[in-house]
Amino acid sequence: MSRLQKQLADLKAQGRRALIPFITGGDPAPAHTVGLMHALVAGGADVIELGMPFSDPMADGPTIQLACERALAAGTNVSKLLELVREFRRSNQSTPVVLMGYLNPIEHRGVAKFAEQARDAGVDGVLIVDLAVEETPEFAPLFRQAGLDMIFLLAPTSSEARIRAVAAVGSGYLYYVSLKGVTGAATLDVAGVAHKLAEIRQYTALPLAVGFGIRDAASAAAVGQVADGVVVGSALVSEIEKHAATPEVLPALLTAKLGAIRKALDELSV
Amino acid sequence: MVYDYAQFPDARGHFGAYGGRFVAETLMEPLRQLEEAYARLKDDPAFRAELDRDYAHYVGRPSPLYHCERLTRAWGGAQVWLKREDLNHTGAHKINNTIGQALLAKHLGKTRIIAETGAGQHGVASATIAARLGLKCVVYMGVDDVERQSPNVYRMKLLGAEVVPVTSGTRTLKDALNEALRDWVTNVDDTFYVIGTVAGPHPYPMLVRDFNSIVGRELIGQSREQIGRLPDALVACVGGGSNAIGMFHPLLQYPEVAMYGVEAGGDGIETGRHAAPLSAGQPGVLHGNRTYVMADDDGQIIGTHSISAGLDYPGVGPEHAWLKDIGRVHYVSATDAETMEAFYELTRREGIIPALESSHAVAYAKKLAPTLGSDRHIVINLSGRGDKDIFTIAKREGISLT
């Protein structure tokens, strides 16, 4: 069982929801990323999704697009990002790290090489936003051989056939996109999410995390009623945007922001 | 190797190693529905009849095949012909595709269409057909392009479209495409995304090609009638590559017809300031398909440079990527300077003001013609007219028109 699978199984056994924060690696500059990752753990992160900056993040909203632009302008690239994970792993061997990004930088490096280097750096899983399950036959074995979990997205538009296909290839968890839209969108329809998650659970026993539109304790608690985990991304990244010029204040801010969400989720448990 | 070009893309939308469907999950089902609807409608007699009627009476098809006698004499070689897509309603080949896609939108019950545009030709063609069919239309356009193509921006607004300037990334066509995809993923229930070129996720490269193939189909009949046989060479500019594929595709099966796709060489391929992924890029994944892209050492997409907004794109249609690899089409480039020279030459020798995009094809034909005998025939796809570019040209000449 991988570190990611074990972490999520343990949480389930304890009746707790997984809290999965997302930040873009290298934002506002690579020097801050490891500190921010530790701050997320201090705030109660169970899994960290670390964004791999890409020049054309077409599934993301303006908040994360700008984060990508800041990170790239500060010299972040794939090699640098893997170094940052390696550095994080020196003092944290327990919190799984999932890299979330787009295919081109990975394919440019070579998928097999990337998978091995990521594993060696201490990465646990990958979520490639623009890699649909239909295009994975060549890729999935390479990630599996490297021992990396492949996390896939499901959406309100996903048909039964697609849910089955994704459940057959995905591992670790499935990431349900709560709404039709890009990251950072405002509206969250909890009843709709509950309905779709129930449908998805007919076809898979994988833990279901929900993201897009979760920005505070209240929205996290609402989604936590029906999901195994919640992903908080743009709400954290917009803090980084606001304080990019004074990054020294960010660790305490992110710990506090995530801590409030952690508390709300833990009150759901038991 | 002999290919049956009609069998591509395959069922998964692949042209060899290229094409496919690389988008976020939310769009996978809408794309499948579009593929299904297109498969059902493309051979439906009523749909075809509606399309053919629009091509004839709204676009003004067939577009003429015109023999450039003075240009032929000046270049001293092959006979030079123009396929006059510049004479279409709205002034470019783009309307061939937007009419087809808007009809699909109508049949799918969508009430709103969105489009991305670079030079503005596709935006104008989308706004035009939206006005005619009573659809709401939103066009995404990079702010740099809004500035250099201001006449087209105004035309779109006159036609009732909303033009959204895009300030992210490099502020050109690729960023407009990102923004249109974001809009689509958010409004997928009532919105049809009218992609302007043979790129994007399957089935777009196929259906945009099919709608533009009217150009090549007409050319086969016209050249048999006017030349007495098929031409020896076809030349077309390639940004995303829709005008080129439209002319090439119906003739791919005739090995005696040589084909040249002309990319934007900008300041010259060797300077790195160009928009020529087939000439100087490598395979990658961008905007939903695998194709040749311009990227840096880390796989980040890099900014492009071209005098023509319509070719200023770091990717290219996946079918072109495949046609390059199998060697069926030759991909070459023309620099900004060569393009300007060709622009003036066609304007003054034939009284036809070409779009800067199409002027790239003219520029390459000028190199090709003298290498061939006068019994050989070259057809250039004159994909658009140059009225939209007169401000850019005037600015280069140091003249103010306002």
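I began with a rule that I needed for the strands: two of them pair if DSSP finds at least two bridges between them. The model I consulted is predicted.

**Entry 1: strand β10 of chain B**

I applied the rule to strand β9 (residues 233-237) of chain B and found that β9(B) and β10(B) pair in the parallel sense over five bridges. I looked up one position in this pairing: the partner of Leu234(B) in β10(B) is Met259(B). I then followed the chain through helix α11 (residues 242-248) of chain B and noted that β9(B), α11 and β10(B) make a right-handed β-α-β unit.

I next searched for further partners of β10(B). Strand β14 (residues 330-335) of chain B pairs with β10(B) over six bridges, in the parallel sense. There I found Ala264(B) opposite Ala334(B) of β14(B).

Strand β11 (residues 273-275) of chain B runs antiparallel to β10(B), and two bridges join them. Gly268(B) has Arg273(B) in β11(B) as its bridge partner. I recorded that four residues lie between the strands of this hairpin, and that Gly272(B) takes a positive phi near 80 degrees in it.

Finally I asked how many residues of β10(B) are buried. Nine of the eleven residues in the strand (residues 258-268) are buried, so the rest of the structure largely encloses β10(B).

**Entry 2: domains of chain B**

I looked up the division of chain B and found domain 1 (19-56 + 94-204) and domain 2 (62-91 + 213-397). Their C-alpha centres lie 23 Å apart. I noted that 36 residues of domain 1 of chain B are in contact with 36 residues of domain 2 of chain B.

**Entry 3: the sheet of chain A**

I traced an open sheet of nine strands in chain A, with parallel pairing and the order β5-β4-β3-β2-β1-β9-β8-β7-β6. I then asked why one side of β5 (149-150) and of β6 (152-154) of chain A is left without a neighbour in the sheet. Both stand at the edges and each has a single partner strand, so no neighbour in the sheet covers the other side.

Within this sheet I examined β8(A) and strand β9 (residues 229-232) of chain A, which run parallel and are joined by two bridges. Val210(A) has Val230(A) in β9(A) as its bridge partner.

**Entry 4: aromatic rings and charges**

I searched the whole structure for aromatic pairs and obtained 15 over all chains. One of them is formed by Phe114(A) and Phe143(A): it is edge-to-face, with 6.5 Å centre to centre and 80 degrees between the planes. Phe114(A) belongs to helix α6 (residues 111-121) of chain A and Phe143(A) to helix α7 (residues 140-145) of chain A, so the pair ties together parts 29 residues apart in sequence. I checked accessibility as well: Phe114(A) is buried at 0% relative accessibility, and Phe143(A) is buried at 1%.

I next recorded Tyr175(A) and Phe212(A), whose ring centres are 6.1 Å apart and whose planes stand at 85 degrees, so this pair is edge-to-face. Tyr175(A) lies in strand β7 (residues 174-177) of chain A, while Phe212(A) lies in the loop between β8 (208-211) and α10 (217-224) of chain A, 37 residues apart. Both Tyr175(A) and Phe212(A) are buried.

In chain B, I found that ring pairs link Tyr3(B), Tyr5(B), Phe8(B) and Trp322(B) into a cluster. I also looked for charges over rings. The charged end of Arg132(B) sits over the ring of Tyr58(B), 4.6 Å from its centre. Likewise, the charged end of Lys324(B) sits over the ring of Tyr292(B), 5.5 Å from its centre.

Methods. Residues numbered from 1 in each chain as written. Chains lettered and ligands numbered in written order. Predicted model: local features only at pLDDT ≥ 70, side-chain atom pairs only at ≥ 80, totals over all residues. Heavy atoms only, no water. Phe/Tyr/Trp six-rings, centres within 6.5 Å; stacked < 30°, edge-to-face > 60°. Buried < 20%, exposed > 50% of the residue type's maximum accessible area, 1.4 Å probe, protein only. Lys NZ or Arg CZ within 6 Å of the ring centre and 35° of its normal. Right-handed = clockwise from strand over helix to strand, strands pointing away. Domains from an automatic or database assignment. Contact = heavy atoms within 4.5 Å.
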